[in-house]
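Hi,

Here is the structure I promised to pass on. Have a look at it first, and my notes come right after.

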Amino acid sequence: MPGPSPGLHRALLGLWAALGLGLFGLSVVAQEPFWADLQPRVALVERGGSLWLNCSTNCPRPERGGLETSLRRNGTQRGLRWLARQLVDIREPETQPVCFFRCARRTLQARGLIRTFQRPDRVELVPLPAWQPVGENFTLSCRVPGAGPRGSLTLTLLRGARELIRRSFSGEPPRARGAVLTATVLARREDHGANFSCRAELDLRPHGLGLFENSSAPRELRTFVLPPEPPRLAAPRLLEVGSEGPVSCAMDGLFPASEAEVYLALGDQRLSPDVTLEGDALMATATATASAEQEGARQLVCNVTLGGESRETQENVTVYTAVPGQPAQLQLNATENDDRRGFFCDATLEVDGETLRKNESAELRVLYAPRLDDSDCPRSWTWPEGPEQTLRCEARGNPEPSVHCARPDGGAVLALGLLGPVTRALAGTYHCTATNVQGQAVKDVTLTVEYAPALDSVGCPERITWLEGTEASLSCVAHGVPPPNVNCVRSGEARVVEGTLRVVREHAGTYRCEATNARGSAAKNVAVTVEYGPSFEEVSCPSNWTWVEGSGQLFSCEVDGKPEPSVECVGSGGTSEGALLPLAPPDPGPRAPQIPRELAPGTYICNATNQHGSVVKMVTVSAESPPQMDESTCPSHQTWLEGADAAALACSARGRPSPQVLCSREGAPRPQRLRVSRQDAGIYRCLATNAHGTDARIVTVGVEYRPVVAELAASPPGGVRPGGNFTLTCRAEAWPPAQISWRAPPGALNIGLSSNNSTLSVAGAMGSHGGEYECAATNAHGRHTRRITVRVAGPWLWVAVSGAAGGAALLAAGAGLAFYVQSTACKKGEYNVQEAESSGEAVCLNGAGAGAGGGGGAEGATEAAGTAEAPAGGEVFAIQLTSA
């Protein structure tokens, strides 16, 4: 009967080794301390919020696990040695979740603590009294329901921004919620109108959270002072029917006096007092009017109310009626001398035991019609303009007549008897009328106002414009009384300008005109401008012009003419047909024409025009440009391949005339080679030059090359014992950077890779981890590999203690596993490890390899191979690691 195939034989040996290492590992694990962990262990969550709890263990194969809590759950996620659960709507002040796992017949537990907090969303200050007497105590009470934990809460009572009392509730039980703060405060005058409030602070910063603050709505306090003494009332003791009498009511020591209310009444008649305040004193005054219905003794009442309290004073007033007696008469014949003579009448009456006295006086007036005399109202005045004068036109008469002087045409009116300035507008003839109830008198008055000459813009304009070739004269009209004489002289000359002139450009300039009369003189400068049609000059507007792109220059075409002509240059043929040529302004400013990016060369017709004519000139324009390089003509980053034929930089430039481009490497010059080397990489500077300037561009040249595995090393370097750890490091040189991949021996489980695959690590090595490992470096230009052998060696004597039945069972299991591997599971020899930390399952993948994966020996060793392809013959079991 033929023996087992070499592949099956190797599989059986591998199974024995794996079972031995597994039992050895369990014996070691059983001695290690296992634990359960709950994160976060202590948490503070806002009331009604949610929290994720992570329950985990270091037990390799926990039987079961869970999280015990009375809180609502929303979702759970699980792994082999962990579970995470979201707790929602957390409202209990304090709860203790328990994380547990069952491991090696033991129950592992971790207990946590979850506490909730509630922000001070409601801060309430108990309402204050409507009015509070000064000097008496009142109570401030603040409530913050539900906020907590109370131990982190601080309440502060404030008057405006000033703290009155502050209390912290530190030391309170963690489950305590809500707080009340009460204080007794003495009311003062300065508290009137003050706002009181309460501020709550929940300080959770020691727990890693923030400071939560809130304040109550402010409440205004109104304080008052009302003295016990009644107000002082003053009024006449007797009051005649139909007459009026003053009434006053005063009170001192009020606060705030402006808030006090005053009630004044005479009998059933309420008075309307005027209230004045001076500090804390109040004075109310009113007028009492006696009527026939009130005749007799009446009560006068004054009541002052403040802060809901009042003080009152009452006085008696007697209202009486005086009965008319026999009239007393005096007769006389009035003359003009009796005008303004005085007469006196006296009467007495006894009322309520008191004698009352009244008297009356009168003045006699004698009336006569008005008179206007030349001494009191002269017929003519002549005054200089400027000084103030009093215009007098007085009339005699009784009653005193009113005198009115106005122009007959309805113009100016003289302000008689008043001191005022004399202006030329007052000059003219006035019709004066004196009137009283006895009649009137009429008189004409003439007023003459003299003033110095004046040259205004109407009679003598500041600027005059003449046209060259026409006839003109310079004349100025001056205003003044008496009429002034006017002469005009050109600046720098002595001859007076008179008559008509034939205008030439030389007549332009400044002329001084002077007006003179008896009251003074006035002078004025007159600017004369001579205008003429446009004309071109070759110096200011050349016939040929070269435009250089980017130079910032515009075509300058200045034209002589007044007013300044407008100039427009339009293309007349070829590429410039209809195009406008931008012109440089005479005085560059913020509104200068935009400098063109492109300009069509050709012939342009320039037309200069002003209101006196136009002129035309032809201008030939040519366009050139300085060198220009950009990303499209000279890329800033260029890549060569090592080993390719040597090439020059791809750089060109635009410009007119055509630029010359030269490129050189910065630093050490590039040596002449037939093929590209990685030493050719570096920074190059390309310079383009023509008659209008230069343009430079910096180019970075990168040289790419195929990968080479430069280093493949094991740590520790001398092999590893069963259950130990080892690391393989692979370093490759390549550009662009190479991608690292590994092949491992068949059956090698629990393999970890670094983020860039440059490091392969194994924790708890077993026999299946021994053998040949291959590192491959790959980029777009090729692939290179190296191999290294890892040996796992250790004690095997523990196998002898197993009985014959155990050995037979292991042999049978190994034979079945080898047959499965050989026939079904792994004919191709590749495994895909799904979970490097906890999973023992593998899935076969397509692949090929060669060489035996080295087994365990008496001692550990490593070896490396630099070949790029695997040798033929035998079976190779490779491991492809993927992320879970």
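Below is what I found on two of the sheets and on the cavities. Keep in mind that this is a predicted model.

Let's begin with the five-stranded sheet. It is open, its strands come in the order 22-29-28-24-25, and the pairing is mixed. Strand 22 (238-240) and strand 25 (269-270) are the edge strands; each has a single partner strand, so one side of each is left without a neighbour in the sheet. Further in, strand 24 (residues 261-266) pairs with strand 28 (residues 296-306) in the antiparallel sense, over six bridges. If you want a spot to click on, try Val262, whose bridge partner in strand 28 is Val304.

Next comes a sheet of three strands, also open, in the order 11-13-16 and with antiparallel pairing. Its edges are strand 11 (124-125) and strand 16 (179-186), and because each has a single partner strand, one side of each lacks a neighbour in the sheet. Strand 13 (residues 137-144) runs antiparallel to strand 16, and eight bridges join them. One pair to look up there is Phe138 with its bridge partner Val185 in strand 16.

Now for the empty space inside. The count is two cavities of 30 Å³ or more. The second largest has a volume of about 40 Å³. What lines it? You'll find Ala235, Pro236, Leu239, Gly245, Val247, Leu266, Ala288, Leu300 and Val317 around that second largest cavity. By type, its lining splits into eight nonpolar residues, one polar and no charged.

Cheers

Terms used. Residues numbered from 1 in each chain as written. Predicted model: local features only at pLDDT ≥ 70, side-chain atom pairs only at ≥ 80, totals over all residues. Heavy atoms only, no water. Pairing = 2+ DSSP bridges. Helix = DSSP H or I, 4+ residues; strand = E, 2+ residues; numbered from the N terminus. 1 Å grid on protein atoms, 1.4 Å probe; cavity = no way out; pocket = protein on both sides within 12 Å on 5 of 7 lines; lining within 4 Å. Points joined across faces, edges and corners; volume = space filled by probe spheres on them. Nonpolar A, V, L, I, M, F, W, Y, C, P; charged D, E, K, R; others polar.
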